[in-house]
Amino acid sequence: MKCSIIIPYSDQSDRTIRLFDSLEKQDFDGSEYELIFVNCGNNNELEKYISEHGTKVKTLCLNAPDSRAGQAKNIGLEKAEGELVIFLDGDEIAAENFVSGHYNGYKQAGKPVMQFGLTKQVFEENDRFYYEIKELIGNGIRYWLTEPERYGLDKQKNYYYIKDIRLEMLEPYSYDFDKVKYKMIFTKTSNLSIPMECIRRWGGFEESYRGEEVDDWEFGYRMMKNNVDIVYNPQVAVFHLYEKERYDSRRFSDWKNNLDSMLKKYNDSFLNKLSEFTSYFDPESKYDTSRNIWLDTYKHLEMGAR
């Protein structure tokens, strides 16, 4: 088995079914990859859909109600048989060259590497969320999505997408990722791959962390410390149909606690500079949740590292 794709999800059955359909339509040999869905909620619609429609690719549906992000990914890893593990979120959409893009990048590297791809936020034209997403749109640059039906979207509607914030993070380096110092900040398991041999040698995900984001950083940093290169693969972008995120004090508190735990674990002078994000994660700071605050903090961190 060449690839195992691990997809934790929670209750968004319609989106997860759409992702499943897109992963069955890959330009990769269907006998050489497997899909491992880890259900963290209580909705079994995906399992019902698969049982009724059958599968063209080996598919496992695992149930782990109320498990944390790290736990769900580790549950999937326990069952994975591929030499390359690819992580996705359950509400994304994969283009037909997604699996081959990750696997070819891995083979061309000629050594163990952690690859990440971007996530393009997709919006319906005249989206009712327009005034909520003004900060996301930034300069108003939008890209029309052609042939939306290829991604499980309604071909009668018009869609546009905007670029991933990580492209803006790369702008000061003329998009040369090799120049980035804090590479672990780019690692998100919404579109990430790593050889299974690295998991076996250096472990899976930190299960005590609540929420998302920082558990990916810790995983990426651990691989960096063990000389696994992190690389940007522009060929494996995925789409995500926009849905307003909820920001509340608990979410920020979880992020802050995760970051504090990570800094304490390593006690590393290089890593300790991530404490710049503490004020952003602080639930009492009352900061705006727009991407500009995040971007400014990151750019200041990288400038200091130069």
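Good morning. I begin with strand β1, residues 3-9, and strand β2, residues 33-39, which pair in the parallel sense through 7 bridges. Within this pair, Tyr9 stands opposite Asn39 of β2. I should say at once that the model before you is predicted.

These two strands belong to an open sheet of 7 strands, whose order is β3-β2-β1-β4-β10-β6-β11 and whose pairing is mixed. At its edges are β3, residues 58-63, and β11, residues 229-232, each of which pairs on one side only. From one strand to the next, the twist averages 20 degrees. Helix α2, residues 45-53, lies across β1, β2 and β3, and runs at about 150 degrees to β3.

I turn now to another sheet. It is open and consists of 5 strands in the order β5-β12-β7-β9-β8, again with mixed pairing. Which strands stand at the edges here? They are β5, residues 92-94, and β8, residues 143-144; each has a single partner strand, so one side of each is left without a neighbour in the sheet. Helix α1, residues 13-24, packs on this sheet, where it touches β5 and β12, and its direction makes about 10 degrees with that of β5.

The mixed pairing can be followed on strand β7. β7, residues 119-124, runs parallel to β12, residues 238-241, and 4 bridges join the two. In this pairing, Thr119 has Val238 of β12 as its bridge partner, and Val122 has Leu241. With strand β9, residues 159-162, β7 pairs in the antiparallel sense, over 4 bridges. Here the bridge partner of Phe123 is Tyr160 in β9. As a general remark, the strands of a sheet pair through backbone hydrogen bonds, either parallel or antiparallel.

Finally, I come to a pair of helices. How do the axes of α8, residues 214-225, and α9, residues 249-266, cross? They come within 9 Å of each other and cross at roughly 20 degrees. Since angles under 35 degrees count as roughly parallel, α8 is therefore roughly parallel to α9. The crossing in which α8 passes α9 is right-handed.

Which residues meet in this contact? On the α8 side they are Val214, Trp217, Glu218, Tyr221, Arg222 and Lys225. Those of α9 are Trp255, Asn258, Leu259, Met262, Lys265 and Tyr266. By character, the residues of the contact of α8 with α9 divide into 7 nonpolar, 1 polar and 4 charged.

Thank you for your attention.

Terms used: Residues are numbered from 1 along each chain as its sequence is written. This is a predicted model: local features need pLDDT of at least 70, side-chain atom pairs count only at pLDDT 80 or more; totals for chains, interfaces and linings use all residues. Side-chain values use heavy atoms; hydrogens and water are left out. Two strands pair if DSSP finds at least two bridges between them. Contact means heavy atoms within 4.5 Å. Axes are lines fitted to C-alpha atoms, for helices over the stretch in contact, and angles run from 0 to 180 degrees between N-to-C directions. Angles under 35 degrees count as roughly parallel, over 145 as roughly antiparallel, 65 to 115 as roughly perpendicular and the rest as oblique. A crossing is left-handed if the near helix is turned anticlockwise from the far one by less than a right angle, and right-handed if clockwise. Ala, Val, Leu, Ile, Met, Phe, Trp, Tyr, Cys and Pro count as nonpolar, Asp, Glu, Lys and Arg as charged, and the others, Gly among them, as polar.
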